[in-house]
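Colleague: I am new to this structure and would be grateful for a close look at a single part of it. Please choose one region, describe how it is built, and explain how it is connected to its surroundings.

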Amino acid sequence: MGRSATVHYLAAGGGGAGGLTPILMIALLFGVMYFMMIRPQQKRRREAENMQSDLAPGDEVVTIGGLYGTVTEVDDDTVLLEVAPGVQTRYARPAIARVVTRAERPEEIEPVAEEADAVKE
């Protein structure tokens, strides 16, 4: 390679910095994929797990198959749904797609507040 060929090679961008650009593009691509695809999917999965763990008798739910029912009993791994008067079916917790309406639950009374009032008296 003569002197003039070396000058043309360096002027055309064939220097050492050109090898860094593809690596930066790949890193940028992975960063975009993480924030656009992976992170939202993890959030949806976490929300579904929370919804399924908060199921209680009286909640009206929809299964992944589209069946509407009312929760009558909740076990560790299964949920018993009443789909019609007197008709109950058992489903795995992950088969519950969403809660349509929550059953009214009595409000939790904070025991700390009651203890504080007793101390003042």
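Modeller: Two strands are said to pair if DSSP finds at least two bridges between them. With that term in place, the region I propose to examine is the sheet, together with the loops and salt bridges around it. Please bear in mind throughout that this is a predicted model.

A brief orientation comes first. The protein contains three helices and five strands, and along the sequence these follow the pattern α-α-β-β-β-β-β-α. Of its 121 residues, 15% are buried. The surface that the protein exposes amounts to about 9600 Å², of which carbon and sulfur atoms supply 60%. Among contacts between residues at least 6 apart in sequence, 40% join residues at least 24 apart.

The five strands form an open sheet with antiparallel pairing, in the order E4-E3-E2-E1-E5. E4 and E5 stand at the edges with a single partner strand each, so one side of each is left without a neighbour in the sheet. On average, and with direction ignored, neighbouring strands of this sheet are turned by 45° against each other.

Within that order, E2 is joined to E1 and to E3. E1 and E2 run antiparallel and are joined by three bridges. In this pairing Val62 stands opposite Tyr68 of E2, and Glu60 stands opposite Thr70 of E2. The hairpin of E1 and E2 has four residues between the strands, and Gly66 takes a positive phi near 95° there. On the other side, E2 pairs with E3 in the antiparallel sense over four bridges. Here Thr70 stands opposite Glu82 in E3. Thr70 therefore has an opposite residue in each pairing, Glu60 in one and Glu82 in the other. The hairpin that joins E2 to E3 passes through three residues.

The loop that leads into E1 deserves particular attention. Asp59 lies in this loop, between H2 and E1, and Asp59 is buried, with a relative accessible area of 0%. Which residues surround Asp59? Leaving aside neighbours within four places in sequence, Asp59 is in contact with Asp54, Gly69, Thr70, Val71, Val99, Thr101, Arg102, Ala103 and Arg105. Thr70, already met in the pairings of E2, is thus among the contacts of Asp59. The side chain of Asp59 also reaches the backbone nitrogen of Ala56 at 3.0 Å, and makes a polar contact with the side chain of Arg102 at 3.2 Å.

The link to Arg102 leads to the salt bridges. Side chains of opposite charge can pair when their charged atoms come close. How many salt bridges does a search of the whole structure find? The search finds three.

In one of them, the side chains of Asp59 and Arg102 meet, with an N to O distance of 3.2 Å. Asp59 is in the loop between H2 and strand E1 (60-63), while Arg102 is in the loop between strand E5 (96-101) and helix H3 (111-120), so the pair ties together parts that are 43 residues apart in sequence. The two partners are differently placed: Asp59 is buried, at 0% relative accessible area, whereas Arg102 is partly exposed, at 40%.

Another salt bridge joins the side chains of Asp75 and Arg90, again at 3.2 Å from N to O. This pair links distant parts of the chain, 15 residues apart, with Asp75 in the loop between strand E2 (68-74) and strand E3 (78-84) and Arg90 in strand E4 (residues 87-92). Asp75 counts as partly exposed at 32% relative accessibility, and Arg90 is partly exposed with a relative accessible area of 46%.

The remaining salt bridge is found in a helix. Glu49 forms it with Arg45, and the closest N and O atoms are 3.6 Å apart. Because Glu49 and Arg45 are four residues apart in helix H2 (residues 20-53), about one helical turn separates them. Both are partly exposed: the relative accessible area is 43% for Glu49 and 47% for Arg45.

Technical notes. Residues numbered from 1 in each chain as written. Predicted model: local features only at pLDDT ≥ 70, side-chain atom pairs only at ≥ 80, totals over all residues. Heavy atoms only, no water. Salt bridge = Lys/Arg side-chain N within 4 Å of Asp/Glu carboxyl O. Helix = DSSP H or I, 4+ residues; strand = E, 2+ residues; numbered from the N terminus. Buried < 20%, exposed > 50% of the residue type's maximum accessible area, 1.4 Å probe, protein only. Axes fitted to C-alpha atoms, helices over the stretch in contact; angles between N-to-C directions. Polar contact = N/O pair within 3.5 Å; in protein donor to acceptor, adjacent residues only side chain to side chain. Contact = heavy atoms within 4.5 Å. Areas by Shrake-Rupley, 256 points an atom, 1.4 Å probe, with all protein chains shown as cover.
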